[in-house]
Amino acid sequence: MAGTKALLTLENFINGMFVPCNSYIDSYDPSTGDVYCRVPNSGKEEIDAAVEAARAAFPGWAARSPQERSQVLHRLADLLEQSLEELAQAESRDQGKTITLARTMDIPRSVQNFRFFASSILHHTSECTQMDHVGCLHYTVRAPVGIAGLISPWNLPLYLLTWKVAPAIAAGNTVIAKPSELTSVTAWMMCKLLERAGVPPGVVNIVFGTGPRVGEALVSHPEVPLISFTGSQPTAERITQLSAPHCKKLSLELGGKNPAIIFEDANLEECIPTTVKSSFANQGEICLCTSRIFVQKSIYSEFLEKFVEATRMWKVGIPSDPSASMGALISKAHLEKVRSYIKKARMEGAQILCGEGVDTLSLPRRNQAGYFMLPTVITDIKDESCCMKEEIFGPVTCVVPFDSEEEVIQRANSVKYGLAATVWSSNVGRIHRVAKKLQSGLVWTNCWLIRELNLPFGGMKSSGVGREGAKDSYEFFTEIKTITIKH
Ligand SMILES: NC(=O)C1=CN([C@@H]2O[C@H](COP(=O)(O)OP(=O)(O)OC[C@H]3O[C@@H](n4cnc5c(N)ncnc54)[C@H](O)[C@@H]3O)[C@@H](O)[C@H]2O)C=CC1
Ligand SMILES: N/C(=C\C=C\C(=O)O)C(=O)O
């Protein structure tokens, strides 16, 4: 292929070694639309090799004390931190996100994921109960499950990959991770640090490629008893089907159609900039992003005017521009999908107040084939519209009015998803009432995306199965056993 030599070429990382692949997939720079990288197109053969390595490494790694594993995780965190700028540049180029977001969120959080689980693994305790009337003592013990299969998406590549790798290896498992084929570069860069951090060969294996090929080979492998997946609901369905014959442990972190509920007593000075951010951060490509904004009628016009004004200030720019708030979407296909929702809304008679088709986006000449679009606000839209029901996963948000607390709770809950909600009010009683009634795994009140990694993270309904966090991840990545001693 012409120009192949100039392309960055990734290799699988199996048993502590970089291994070339027989075939490769093109990976695109979202800001130009050019192919810039080749990603291994792995399949069953590579998964079999990774399973062999992970199986061989498991007894030794599982036998180490939590303190020893913790030290390795801390060293890896330090090495990632030392490479922060290089990783941020790579993440921004590969994903299309702004360099500022990669520098301040993606890579620092990846570092924090290792530090956090390095620490939390030292603090778990087990249960013990006594039954004196029959002379018995009961207690529980936990052990790592074995080889963990980890499948991560393209929106927060290293952030979400490390959110799985860190708790899995901290608990003594060995892992086979499959990052998204669209964003594989930072995972490959992390592999270069593993040996220096003291991760033994075979403990972390990373196999690159597409979902249907290598993802399914991993999920179907009988020696991988556990799958942790973040991504779309249709893929989760497929993973569930493939796992069923093996009764695998599954953690599924899926999409959302997240409401923001804004009451008339909300502090709009804080609410508006935060809701712009919660709608458009990372191009709206975060499962926690707001995409339905319910505003109490008495402040609806004021909110809408100020919200549209603030959205127009949300600068779309090339990812390397430090002043840009938003970069490029992940792919041409995804850009087209997001645009198709706006087209449907228009056909249904909704109004597009700013963004796509209303305002003009100006880009440097070399970025004109990049996957950019303006943040878009839709209004006059019915709750039944697909734009109000389906996950768009792009910089598009709908704003609609509501009258009463009961009505808005019912409307907010009327979608199949239940991941994250925000509630804006200065009435503490109302906040507690509403938060309790929302069908949502996470409710942020008067804020958004403030993360406490100790606490359960995940969704209800079609937003997922299971929770992640200190205790939840530990429970997921270990098997529990109850032992009874008769004395
Ligand atoms: N956490 C979230 O909520 C995310 C939601 N999405 C949603 O999903 C839509 C589609 O994005 P995709 O990248 O196609 O998500 P996806 O669910 O297809 O991809 C996520 C990961 O699963 C893998 N995968 C795909 N098919 C698989 C299979 N059959 N077996 C095993 N692994 C498989 C992919 O290679 C990737 O690593 C987005 O438009 C968005 O709506 C996407 C990424 C993250
Ligand atoms: N799972 C996603 C985001 C998680 C964020 C966090 O753990 O802080 C997603 O966007 O897919």
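The legends below describe close-up views of ligand 1 and ligand 2 in a predicted model. In this predicted model, local features need pLDDT of at least 70 and side-chain atom pairs count only at pLDDT 80 or more, while totals for chains, interfaces and linings use all residues. Residues are numbered from 1 along each chain as its sequence is written, chains are lettered from A and ligands numbered from 1 in the order in which they are written, and side-chain values use heavy atoms, with hydrogens and water left out.

**View 1. The shell around ligand 1 contains 25 residues.** A residue belongs to the shell if one of its heavy atoms lies within 4 Å of the ligand. Ser-152, Trp-154, Glu-181, Glu-216 and Ser-232 are the closest. By class, eight are nonpolar, eleven polar and six charged (nonpolar: Ala, Val, Leu, Ile, Met, Phe, Trp, Tyr, Cys and Pro; charged: Asp, Glu, Lys and Arg; polar: the others, Gly among them).

**View 2. Polar contacts of ligand 1 involve oxygen atoms of the ligand.** A polar contact is a pair of N or O atoms within 3.5 Å. Polar side-chain atoms of Trp-154 and Thr-235 lie 2.5 Å and 3.0 Å, respectively, from an oxygen atom of ligand 1. For Leu-254, a polar backbone atom is 3.2 Å from a ligand oxygen. The protein covers 87% of the 800 Å² of accessible area that ligand 1 has on its own (Shrake-Rupley method, 1.4 Å probe).

**View 3. Helices and a strand contribute to the shell around ligand 1.** At least two shell residues come from each of α7 (211-220), β11 (226-230), α8 (233-243) and α11 (332-347); helices (H or I, at least four residues) and strands (E, at least two) are DSSP runs, numbered from the N terminus. The largest share, three residues, belongs to α7. Domain 1 (8-255 + 463-486) and domain 2 (258-445) each give at least three residues to this shell, with bounds from an automatic or database domain assignment.

**View 4. Residues of two domains surround ligand 2.** Among its neighbours are Arg-109, Leu-156, Thr-230, Glu-253, Cys-287 and Phe-457. The shell divides into seven nonpolar, two polar and three charged residues. At least three come from each of domain 1 and domain 2.

**View 5. Asn-155, Tyr-159 and Arg-451 make polar contacts with ligand 2.** A side-chain N or O atom of Asn-155 is 2.8 Å from an oxygen atom of ligand 2. The distance from a polar side-chain atom to a ligand oxygen is 2.6 Å for Tyr-159 and 2.6 Å for Arg-451. Of the 320 Å² of accessible area that ligand 2 has on its own, the protein covers 97%.

Notes. Polar contact = N/O pair within 3.5 Å; in protein donor to acceptor, adjacent residues only side chain to side chain.
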